[in-house]
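Colleague: I have a few questions about this structure. Can we take them one at a time?

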Amino acid sequence: MKWDTLEEEPCSVARTVAVIGDRWTLLILRECFLRIRRFDDFQASLGITRHLLADRLKKLVRFGVLRKIPYQDAPKRYEYILTQKGLDLYPIIMSIVHWGNIHMVDARGRPMLHQHKTCGKMFDPVMVCSECGEPLSAKSVHVHPGPGARKSSPVHAKAAERAKAG
């Protein structure tokens, strides 16, 4: 796999990494979910160079994760708003936050707590099966090739092994 052609791979992870797979993009997305919208605010919060920030924002707009909305005419300035495609990244960001809260927290504790607006409780994100509601873990899931998989993929080989074993 080549980094600049990941978006063309028949793999959902590779295609997603093509869009959000570098540290600055993930941190920009974190800021978006914290309601940061303006270039100067992203730069002040992250300490990222103007060139890198402009490049990452342009990429997120090109992939439809963010949309640019002008808020000033002279000079022209924009806010960057999450699209539905961008909002759909929330579970990914929350999974990274949760992993960090479990494995990377220091003696001071979690840097942020998340409160569910509906019930008012602080929560930890949990991934559940869309069909039965049971919590999911890597050990509780079987992967099968989908219609977009390459016939030579490791998933096809594992599926064939399982089918032979009966």
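Colleague: Which residue meets the side chain of Arg110 in a salt bridge?
Modeller: This is a predicted model, with side-chain atom pairs counted only at pLDDT 80 or more. Side chains of opposite charge can pair when their charged atoms come close. Here the N to O distance is 2.6 Å. The partner of Arg110 is Asp124.

Colleague: Where do the two residues of that pair lie, and how many residues apart are they?
Modeller: Arg110 is in the loop between helix H6 (90–103) and helix H7 (154–165). Asp124 is also in the loop between H6 and H7. The pair links distant parts of the chain, and the separation is 14 residues.

Colleague: Is Arg110 buried or exposed, or in between?
Modeller: Buried needs under 20% relative accessible area, and exposed needs over 50%. Arg110 has 34%, so it falls in between. Its partner Asp124, at 37%, gets that label too. Arg110 is partly exposed.

Colleague: How many salt bridges does the structure hold?
Modeller: One joins Asp73 and Lys76, at 3.7 Å from N to O. Another joins Arg56 and Asp55, with the closest N and O atoms 2.9 Å apart. The structure holds 9.

Colleague: Is Asp73 buried or exposed?
Modeller: The cut-off for exposed is over 50% relative accessible area. Lys76, its salt-bridge partner, has 46% and is therefore partly exposed. Asp73 has 64%, so it counts as exposed.

Colleague: Is Arg56 buried or exposed?
Modeller: Arg56 pairs with Asp55 in a salt bridge. Asp55 is partly exposed because its relative accessibility is 38%. Arg56 has 15%, so it counts as buried.

Colleague: Which residues are linked with Arg56 in a network of salt bridges?
Modeller: One direct partner is already named: Asp55, at 2.9 Å. The network also takes in a residue that acts at the start of H2. The residues linked with Arg56 are Asp55 and Asp22.

Colleague: Which backbone nitrogen does a side-chain oxygen of Asp22 reach at the start of H2?
Modeller: H2 covers residues 23–33. The side-chain oxygen of Asp22 comes to within 3.0 Å of that nitrogen. The nitrogen belongs to Trp24.

Colleague: Why does Thr25 count as buried?
Modeller: Thr25 is found in helix H2. Not counting residues up to four places away in sequence, it touches Val19, Ile20, Arg56 and Leu60. Thr25 counts as buried because its relative accessibility is 0%.

Colleague: What covers the buried residues of H1?
Modeller: Helix H1 runs over residues 12–20, and its buried residues are Ala14, Ala18, Val19 and Ile20. Two of these, Val19 and Ile20, are touched by Thr25, which is in H2. The cover includes H2, helix H4 (50–62) and H6.

Colleague: Which residues form the aromatic pair?
Modeller: A search of the whole structure finds 1 aromatic pair. The rings are 5.1 Å centre to centre, with 55° between the planes, so the pair is tilted by the 30 and 60 degree cut-offs. It links helix H2 to helix H6, 57 residues apart. The pair is Phe33 and Tyr90.

Colleague: Is Phe33 buried or exposed?
Modeller: Phe33 is listed among the buried residues of H2, which include Trp24 and Ile28. Tyr90 is partly exposed because it has 34% relative accessibility. Phe33 has 13%, so it counts as buried.

Colleague: Which residue lies over the face of Tyr71?
Modeller: Charges over rings turn up here. Lys68 lies over the face of Tyr78, at 4.1 Å from the ring centre. For Tyr71 the distance is 3.6 Å, and the residue is Arg38.

Colleague: Which backbone oxygen does the side chain of Gln43 reach?
Modeller: Gln43 is found in helix H3 (residues 39–46). Its contacts beyond four places in sequence are Ile48, Thr49, Arg50 and Leu53. The side chain reaches the oxygen at 3.4 Å, and that oxygen belongs to Ile48.

Colleague: How many disulfides does the structure hold?
Modeller: Cys11 has 29% relative accessibility, so it is partly exposed. Cys119, at 48%, is therefore partly exposed. A disulfide needs cysteine sulfur atoms within 2.5 Å. The number of disulfides is 0.

Key. Residues numbered from 1 in each chain as written. Predicted model: local features only at pLDDT ≥ 70, side-chain atom pairs only at ≥ 80, totals over all residues. Heavy atoms only, no water. Helix = DSSP H or I, 4+ residues; strand = E, 2+ residues; numbered from the N terminus. Polar contact = N/O pair within 3.5 Å; in protein donor to acceptor, adjacent residues only side chain to side chain. Contact = heavy atoms within 4.5 Å. Buried < 20%, exposed > 50% of the residue type's maximum accessible area, 1.4 Å probe, protein only. Salt bridge = Lys/Arg side-chain N within 4 Å of Asp/Glu carboxyl O. Phe/Tyr/Trp six-rings, centres within 6.5 Å; stacked < 30°, edge-to-face > 60°. Lys NZ or Arg CZ within 6 Å of the ring centre and 35° of its normal.
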